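This report is written for a reader who meets the structure for the first time. Please keep the sequence and the model in view while reading.

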Amino acid sequence: SRAGQLARRVTPIDARDRIDKKLLLAGSPVGWDAERVLAFKIIGAVSGFVLSIVLMQLVSLSAFLQIIVTALLTFVGFLAPDSVLNGQVEDRKKEILKTLSDTLDLLTISVEAGLSLNAAIAMVVRNVPGVLSSEFARMLQEIQLGVPRSDAFRHLSERTDVEELNAALTAVAETPTSA
């Protein structure tokens with residue numbers, strides 16, 4: 001918590017906003033927030049620095065190489081939490097892409113069979129497991145709570161940031177029969 005407080009003081013506000021966006025794209029992992037990620041960045045930098053000091057005791061290097069190794073390990077420690085978060089974002093996008101065609105097929109078949117778009121989305125949620133189905137469930141909840149469908153589609157697009165899904169959502173949102 002102390003590292004989180006320090007991170008809050010020394011980090012620009014827009015950095016927290018960028019991390020919040022990445023956390024949203026990563027599916028809002030439980031227990032993760034921007035302050036915690038920033039705290040891990042500081043802990044990683046300090047750990048990298050300490051590791052470099054220990055390494056310098058074990059290996060004799062020139063002063064220039066010691067500075068380079070210290071800077072490099074500190075920088076790697078600082079970037080490690082970003083790397084983990086970026087990996088989660090990419091894994092989630094891959095999972096969404098993996099189920100996208102089946103999801104869109106079921107959605108299309110359901111609408112062509114006479115279901116309303118909301119009922120077709122509910123059918124997808126029931127029958128296609130995975131991250132995309134969870135996101136569709138969240139979108140459907142938003143619609144049921146009174147959020148306009150176009151806004152719910154935009155929110156889904158912001159939470160996933162998958163170009164192929166965004167194109168499909170745009171096509172559905174612009175279709176006059178989906179209103």
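The text below treats a pocket, a nonpolar surface patch and the salt bridges in turn.

The model is a predicted one.

**The second largest pocket**

Rolling a probe the size of a water molecule over the atoms shows where empty space is left. In the second largest pocket, this space amounts to about 210 Å³. The pocket is lined by 12 residues, and those closest to its centre are Ala-15, Arg-18, Ile-19, Leu-38 and Lys-41. Three helices each supply at least two residues of the lining: H2 (13-25), H3 (34-58) and H4 (63-112). Of the contributors, H2 gives the most, with 4 residues. Sorted by class, the lining consists of 7 nonpolar, 1 polar and 4 charged residues.

**The nonpolar surface patch**

A nonpolar patch of about 1,000 Å² lies on the surface. Its members include Val-46, Phe-49, Val-50, Ile-53, Phe-64 and Ile-68. H3 and H4 each provide at least two residues of the patch, and H3 gives the most, with 7 residues. Ile-68 is a member of the patch and has its place in helix H4. How is Ile-68 classed, given its relative accessible area of 40%? Ile-68 counts as partly exposed, because partly exposed residues are those between the limits of 20% and 50%.

**Salt bridges**

Side chains of opposite charge can pair when their charged atoms come close. The structure holds 7 salt bridges. Three of these pairs are set out in the table, each with the distance from N to O.

| Basic residue | Acidic residue | Distance, N to O |
|---|---|---|
| Lys-41 | Asp-82 | 2.3 Å |
| Arg-159 | Glu-142 | 3.2 Å |
| Arg-154 | Asp-151 | 3.3 Å |

The bridge between Asp-82 and Lys-41 links distant parts of the chain, since Asp-82 belongs to helix H4 and Lys-41 to helix H3, 41 residues apart. Are the two partners buried or exposed? Asp-82 is buried, because its relative accessibility of 15% is under the limit of 20%. Lys-41 is buried as well, with a relative accessible area of 6%. Lys-41 thus appears in two places in this report: it is in the salt bridge with Asp-82, and it is among the residues closest to the centre of the second largest pocket.

The side chains of Arg-159 and Glu-142 also meet in a salt bridge. Arg-159 lies in helix H7 (residues 149-160) and Glu-142 in helix H6 (residues 131-144), so this pair ties together parts that are 17 residues apart in sequence. Arg-159 is buried at 3% relative accessibility, and Glu-142 is buried with a relative accessible area of 15%. Both residues belong to a network of salt bridges that links Arg-92, Glu-135, Glu-142 and Arg-159.

The salt bridge of Arg-154 with Asp-151 is set within one helix. Why are these two residues separated by about one helical turn? Arg-154 and Asp-151 are 3 residues apart in helix H7, and therefore about one helical turn lies between them. Arg-154 counts as partly exposed at 41% relative accessibility, and Asp-151 likewise counts as partly exposed, at 26%.

Definitions and conventions. Residues numbered from 1 in each chain as written. Predicted model: local features only at pLDDT ≥ 70, side-chain atom pairs only at ≥ 80, totals over all residues. Heavy atoms only, no water. 1 Å grid on protein atoms, 1.4 Å probe; cavity = no way out; pocket = protein on both sides within 12 Å on 5 of 7 lines; lining within 4 Å. Points joined across faces, edges and corners; volume = space filled by probe spheres on them. Nonpolar A, V, L, I, M, F, W, Y, C, P; charged D, E, K, R; others polar. Patch = residues over 30% accessible without salt bridge, like charges linked within 9 Å, V, L, I, M, F, W, Y side chains within 5 Å. Areas by Shrake-Rupley, 256 points an atom, 1.4 Å probe, with all protein chains shown as cover. Salt bridge = Lys/Arg side-chain N within 4 Å of Asp/Glu carboxyl O. Buried < 20%, exposed > 50% of the residue type's maximum accessible area, 1.4 Å probe, protein only.
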